[in-house]
Amino acid sequence: MCPLADTARATPPRPVPDPLRTRASAPYEVVALACRAPSVHNTQPWRWRVEGTTLELYADRSRALPAADPHGRNLVLSCGAALHHAQAAASALGWEPVVRRLPDPADPDLLARIHLSRPDPGAPQPATEPGGSHLDPAAVLRAIHERRTDRRRFTSWPVPAERLARLATEAVAYGGLSEPIVDVTARFRLELLISRAMSAQEGDQRLLAEQRTWIDHSRDDGIPSSSVPEVGFGPTTRRNRFTQAARPDVPGPARDLVESSDGVLVIGGPDDTMESWLRSGEALSALWLLATRTGLSVVPLSQVVETDETRHALQHDILGDRLVPHVVLRIGWQEISRSTHCATPRRPLDDVLLP
Ligand SMILES: Cc1cc2nc3c(=O)[nH]c(=O)nc-3n(C[C@H](O)[C@H](O)[C@H](O)COP(=O)(O)O)c2cc1C
């Protein structure tokens, strides 16, 4: 049983304020679905303005993480994920979204403007996959509702390289650059970097204090402690950013590699700018919704990018400067019979809407 409710599906959304009731509701439905997007620490660092059938997405800097994310990379990635969710939801609801990214140089927090058009409201257009094949709108909406960050350990079934390549293609189709890490040596070195970044952050009291405040932060945001598995030493969990313990007798990365059959993939861009972060966020969402639709589980690992030293090593030594890394993803299969992973909460719509 999920304590905070399977928000989007089981609980009706909280009512929007009165003046909004008189407006067309579909754009608000798109915003509500966009807000199901993943965000760093579930900070949901976005605001939306709805004007008729135009949506504006703003970065909400008041929800930034100054210790872990001083430049706002993860904040903008999170907004990019919401931007892609909005496009996917709009298409699935029969609208055609046209996006302008960073449309106002005088206002860099206005990340995107989305125009929705629907020439014939009675005839929803099917969404298409990047390759042009038709995509079932119901499957997209289901993926938005069912996607989760499930940090429980994956099964031992390996993720085939072709699967990772297909996910990378999806990310590239939505504007990011992406590279699966399949070479065994590169993979081993990446695991070492991930572990080194975790250890560095575990020694940073300011960062840890910031992270702690987002665990059970409120009923509307943050990460419920129920979403963070205990670190166990059996086959059910692996070390994650919200647990500090690690079995002392076996070095983390070696243990993880031995036990691990999951895939790892990097999303990045040509540089470390806001526009590239926004596109990487869109790519992250596109990849994750595809993974959800095809039974794969995704867990972002951003610490290796947040820590300067490990980010540089990842970019130069492992990626050969082919892309600037923005986020690393662990990808695997969850057990089919495993219990439901509860949805993390979301802020009510009226909290994220600008007048
Ligand atoms: C940019 C970004 C970075 C993230 N980094 C991590 C991470 O380092 N470790 C982790 O366990 N989860 C990470 N997450 C997952 C978020 O914690 C998760 O999306 C959020 O708690 C909402 O939960 P949900 O994805 O189940 O909806 C990240 C998500 C985003 C969008």
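**Entry 1: strand S10 and its partners**

I looked up the partner of Ile 267 and found that it stands opposite Val 327 in S10. The model is a predicted one, and I read every entry here with that in mind. Ile 267 belongs to the pairing of strand S8 (residues 263-269) with S10, which is antiparallel and runs over seven bridges.

I then turned to strand S9 (residues 296-301). S9 and S10 run antiparallel and are joined by six bridges. Within S10, I noted Trp 333 as the bridge partner of Leu 296.

How many of the ten residues of strand S10 are buried? I recorded ten of the ten residues in 324-333 as buried, so the rest of the structure largely encloses this strand.

**Entry 2: helix H12 and the loop after it**

I checked helix H12 (residues 308-318) for burial. Thr 310, Arg 311, Ala 313, Leu 314, Gln 315 and Ile 318 are buried there. The cover over these buried residues of H12 includes H4, helix H7 (184-202), helix H11 (303-306) and S10.

After H12 I came to Gly 320, which has a positive phi near 55 degrees. Asp 321 also drew my attention, since its phi is positive, near 60 degrees, in a residue other than glycine. I placed Asp 321 in the loop between H12 and S10. With a relative accessible area of 46%, Asp 321 is partly exposed.

**Entry 3: Asn 42**

I found another positive phi at Asn 42, about 55 degrees, although Asn 42 is not a glycine. Asn 42 sits in the loop between H3 and S1. Is Asn 42 buried or exposed? I entered Asn 42 as buried, because its relative accessibility is 5% and the cut-off for burial is under 20%.

**Entry 4: the four-stranded sheet**

I traced an open sheet of four strands, with antiparallel pairing and the order S1-S2-S4-S3. S1 and strand S3 (96-101) are at its edges; each has a single partner strand, so one side of each lacks a neighbour in the sheet. On average, neighbouring strands of this sheet are turned by 20 degrees against each other, direction ignored.

For S3 and S4, I listed six bridges in an antiparallel arrangement. Glu 96 stands opposite Ser 117 in S4. Which helix packs on the sheet? I identified H4, which touches S1, S2, S3 and S4, and whose direction makes about 155 degrees with that of S3.

**Entry 5: the largest nonpolar core**

I examined the largest nonpolar core, which has 42 residues. Val 31, Trp 46, Trp 48, Leu 55, Leu 57 and Ile 114 have the most contacts inside it. Among the elements that each supply at least two residues of this core, I noted helix H3 (26-34), strand S1 (46-51), strand S2 (54-59), helix H4 (73-92) and helix H10 (274-293). H4 gives the most, with eleven residues. Domain 1 (7-147) and domain 2 (161-333) both give residues to this core, so I place it between them.

I followed Leu 57 further. Setting aside residues up to four places away in sequence, Leu 57 touches Trp 46, Arg 47, Trp 48, Cys 79, Leu 83, Asp 109, Leu 110, Leu 111 and Ala 112.

**Entry 6: totals**

I counted 13 helices and ten strands in the protein. Buried residues make up 56% of its 355 residues. Of the contacts with a separation of 6 or more, 75% come from residues 24 or more positions apart. The protein exposes about 15400 Å², and I noted that carbon and sulfur atoms supply 55% of this area.

Note on methods
Residues are numbered from 1 along each chain as its sequence is written. This is a predicted model: local features need pLDDT of at least 70, side-chain atom pairs count only at pLDDT 80 or more; totals for chains, interfaces and linings use all residues. Side-chain values use heavy atoms; hydrogens and water are left out. A nonpolar core is a set of buried Ala, Val, Leu, Ile, Met, Phe, Trp, Tyr and Cys residues joined through side-chain atoms within 4.5 Å. Buried means under 20% relative accessible area, exposed over 50%, partly exposed in between (1.4 Å probe, protein chains only). Domain bounds come from an automatic or database domain assignment. Contact means heavy atoms within 4.5 Å. Accessible areas come from the Shrake-Rupley method with a 1.4 Å probe; for residues, only the protein chains shown count as cover. Two strands pair if DSSP finds at least two bridges between them. Axes are lines fitted to C-alpha atoms, for helices over the stretch in contact, and angles run from 0 to 180 degrees between N-to-C directions.
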